[in-house]
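Student: I should like to take a close look at one part of this structure and to understand how that part fits with what surrounds it. Could you please guide me through it in a single connected account?

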Amino acid sequence: MVEIIRMVVVLSAITGLSGFVLSGLKVVTEPIIEQQVLANVQGPALKHLFLHNTNDPIADRKTIILPGSETGVRVFPALRNGKLQAVAMEASGKGYGGDVNVLVGFDINADKLIGISVTTHKETPGLGSRIEANSFTKQFRGKTPDKARLKKDGGDVDAISGATFSSVAAADAVKQAAEWYAALKGTIKQTW
């Protein structure tokens with residue numbers, strides 16, 4: 001009986017120490033991982049969306065709280081000569097293989113999409129992954145948020161044949177970002 005108690009105490013101490021070490025590693029590595037994602041995933045996507053900005057959207061990013069909630073949305077601004085021209089927000093939709101994350105850019109003056117860039121996904125290579133292709137993403141450029149939907153939902157965007165789940169996920173991400181943009185537009189204009 002004493003040996004069983006000793007085993008339980010030793011195993012409890014080992015699991016407690018392991019949990020403490022793992023939580024410490026998470027705290028230490030979380031900012032490093034976030035910086036890598038910003039530099040290697042969102043950075044290239046922002047360069048694809050913002051072609052004429054004179055600022056660093058990553059350095060100038062801010063998290064803005066949605067009105068009536070505690071949800072924060074990270075907003076990347078595109079400034080030209082100190083004036084706000086566009087913003088981008090990353091939203092996600094449920095695809096066939098998991099979440100499809102899409103960075104969506106909005107022209108502040110025209111209230112239209114300047115484009116989208118798929119940042120991460122786990123869709124089927126060669127099929128669902130075609131949501132990254134220019135032939136799909138260019139369909140969103142210049143669209144008003146109400147027309148930046150799939151044709152089956154009353155929009156102007158053609159789904160990818162054989163990759164309906166992936167197309168719907170990208171369109172859902174755009175819809176989510178458009179809702180955030182509509183809710184935050186006034187705050188965004190006051191922030192920059």
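Tutor: In this predicted model, helix 1 has the following buried residues: L38, Q42, G43, A45, L46 and L49. These buried residues pack against strand 2, strand 3, strand 4 and strand 5.

Helix 1 itself covers residues 2-49, which makes 48 residues. From its first C-alpha to its last it reaches 66 Å, close to the 70 Å expected at 1.5 Å a residue. The helix has a kink of about 40° at Q42, shortly before the proline P44. Q42 is also one of the buried residues listed above.

Consider next the sheet against which these residues pack. It is an open sheet of 5 strands in the order 1-2-3-4-5, with antiparallel pairing. Strand 1 (62-65) and strand 5 each have a single partner strand and stand at the edges, so one side of each is left without a neighbour in the sheet. From one strand to the next, the twist averages 35°. Within the sheet, strand 3 and strand 4 pair in the antiparallel sense over 9 bridges. An example is E90, whose bridge partner in strand 4 is L103.

Two helices may now be placed on these strands. Helix 1 lies across strand 2, strand 3, strand 4 and strand 5, and runs at about 145° to strand 5. Helix 3 lies across strand 1, strand 2, strand 3, strand 4 and strand 5, and its direction is at about 145° to strand 3.

The nonpolar cores complete the picture. The largest nonpolar core has 36 residues, of which V87, V102 and I188 touch the most other members. At least two residues of this core come from each of strand 2 (72-80), strand 3 (83-94), strand 4 (99-107), strand 5 (112-120) and helix 3 (164-191). Helix 3 supplies the largest share, 11 residues.

V87 shows what such packing involves. Leaving aside neighbours within four places in sequence, V87 is in contact with F50, V75, F76, P77, V104, G105, F106, I108, Y181 and I188. Apart from the largest core lies another core, of 11 residues, including F50, I58, A86 and L103. F50 is thus named both as a contact of V87 and as a member of this other core. L103, the bridge partner of E90, likewise belongs to this other core.

How values were computed
Residues are numbered from 1 along each chain as its sequence is written. This is a predicted model: local features need pLDDT of at least 70, side-chain atom pairs count only at pLDDT 80 or more; totals for chains, interfaces and linings use all residues. Side-chain values use heavy atoms; hydrogens and water are left out. A nonpolar core is a set of buried Ala, Val, Leu, Ile, Met, Phe, Trp, Tyr and Cys residues joined through side-chain atoms within 4.5 Å. Buried means under 20% relative accessible area, exposed over 50%, partly exposed in between (1.4 Å probe, protein chains only). Helices (H or I, at least four residues) and strands (E, at least two) are DSSP runs, numbered from the N terminus. Contact means heavy atoms within 4.5 Å. The expected span of a helix is 1.5 Å times one less than its number of residues. The bend at a residue is the angle between axes fitted to the seven residues ending there and the seven starting there. Two strands pair if DSSP finds at least two bridges between them. Axes are lines fitted to C-alpha atoms, for helices over the stretch in contact, and angles run from 0 to 180 degrees between N-to-C directions.
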